[in-house]
Amino acid sequence: MEPAVCFEDVCRYYGEIHALDRVSFTVADGEFFSMLGPSGSGKTTSLRLIAGFETATSGSIRLHGQLADDVPPYRRNVNTVFQDYALFPHMTILANVAYGLKVKGVDRKTYTQRAHEMLSLVKLEEMGGRRPAQLSGGQRQRVALARALINEPRVLLLDEPLGALDLKLRKQMQVELKALQRQLGITFIYVTHDQDEALSMSDRLAVFKMGRIEQLDTPEAVYQRPASRFVADFVGNANVLGRSQTQRIAGVDGTSAIRPEKIFFDSGNTPSDGLLTLDVTIIDRHYHGASTRFTVDIGHDQTLVLVRPNEENAVAALPQPGERRTIAWRRQDMHFFEDREKP
């Protein structure tokens, strides 16, 4: 089966600015694929190239095997959902959803029926007669989804669609979006700067930096085996150790990363095989309900962060700032990579 999207050495330049620089990747048909990165890293430019809103400076883009370079947006079987929803405020919700079919000349009975079906799909079947201003942010996002899906696109592009929602609603919508994608079986390409969204929803994700892809893999691989210092820092929380610290602690010439949840306080009862230990001073601790976050001084102007789950009735016994303790982690939990940047 042909990939849903294929980029081959795609560049997009704006004068001296290289928004995309020789980017290549494929998105499988039916995949939930995320583009993750800071602002200006190239992810939204990639999305706009897929939609046809932008033209590549060089390279080629294929949609389901067909060269898309000269295909206008309205002839591409893709639709886009934006962060600001872009709903028509003067229209009812039903009319907003039906709009795409109406402008295509579909008869009233058919587009009305399909609009009701789409509202049912996003669990808003009772809201068709309302206006956008009468809906919550999460409901308006569902309407935007329904309006995009009514045209039955083979690829749905989502540009930071949950960015305007509060944290609780954003978490809820992440679950609903993933479930919807599984139900429909169409390709979702999702742009975000939120690492939690990308990790929790994606089949695969591409981490962008300055117009290039730093790493493209499954969420588990990107989190556990970051390809660079940038990826380790940007995806999740990581303690990144430069060359000198890595050499001192692990005896390896290179750069390394260790996730905070992999570090623990050593009671002296843990088997020492493959265990790395350090004597540290507790700088501060922050209680987060299910866990506590510690910052510790390991010397040589370096601190580490560790996160430990809170056991019942054991919070009072946790180390206090100023105390000396021994921390430890398994050597196999320490990830070593070639450092592309200076430590």
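The following exchange concerns the sheet, the helix packing and a salt bridge of a predicted model.

User: How are the residues numbered, and which pLDDT values apply in this predicted model?

Analyst: Residues are numbered from 1 along each chain as its sequence is written, and side-chain values use heavy atoms, with hydrogens and water left out. In this predicted model totals for chains, interfaces and linings use all residues, whereas local features need pLDDT of at least 70 and side-chain atom pairs count only at pLDDT 80 or more.

User: In what order do the four strands of the open sheet lie?

Analyst: Helices (H or I, at least four residues) and strands (E, at least two) are DSSP runs, numbered from the N terminus, and two strands pair if DSSP finds at least two bridges between them. The pairing in this sheet is antiparallel. Its edge strands, β2 (17-27) and β5 (66-67), each pair on one side only. The order is β2-β1-β4-β5.

User: Which residue of β4 is the bridge partner of Cys-6?

Analyst: Strand β1 (residues 5-14) and strand β4 (residues 58-63) run antiparallel and are joined by five bridges. The partner of Cys-6 in β4 is Arg-62.

User: Are α2 and α4 roughly parallel or roughly antiparallel to each other?

Analyst: Axes are lines fitted to C-alpha atoms, for helices over the stretch in contact, and angles run from 0 to 180 degrees between N-to-C directions. Helix α2 (residues 93-103) packs against helix α4 (residues 137-149) at about 30 degrees, with the axes 7 Å apart. Angles under 35 degrees count as roughly parallel, over 145 as roughly antiparallel, 65 to 115 as roughly perpendicular and the rest as oblique. The two helices, α2 and α4, are therefore roughly parallel.

User: Which residues of α4 make the contact with α2?

Analyst: Contact means heavy atoms within 4.5 Å. From α2, Ile-93, Asn-96 and Val-97 take part. From α4, the residues are Val-143, Ala-146 and Arg-147.

User: How far apart are the axes of α4 and α5?

Analyst: Helix α5 (residues 167-184) packs with α4 at an angle of about 20 degrees. That angle makes α4 roughly parallel to α5. The separation of their axes is 11 Å.

User: How many residues apart in sequence are the parts that Arg-114 and Glu-152 tie together?

Analyst: The side chains of Arg-114 and Glu-152 meet in a salt bridge at 3.5 Å, N to O; the term denotes a side-chain nitrogen of Lys or Arg within 4 Å of a carboxyl oxygen of Asp or Glu. Arg-114 lies in helix α3 (residues 108-121) and Glu-152 in the loop between α4 and β7 (155-159), so the pair ties together parts whose separation in sequence is 38 residues.
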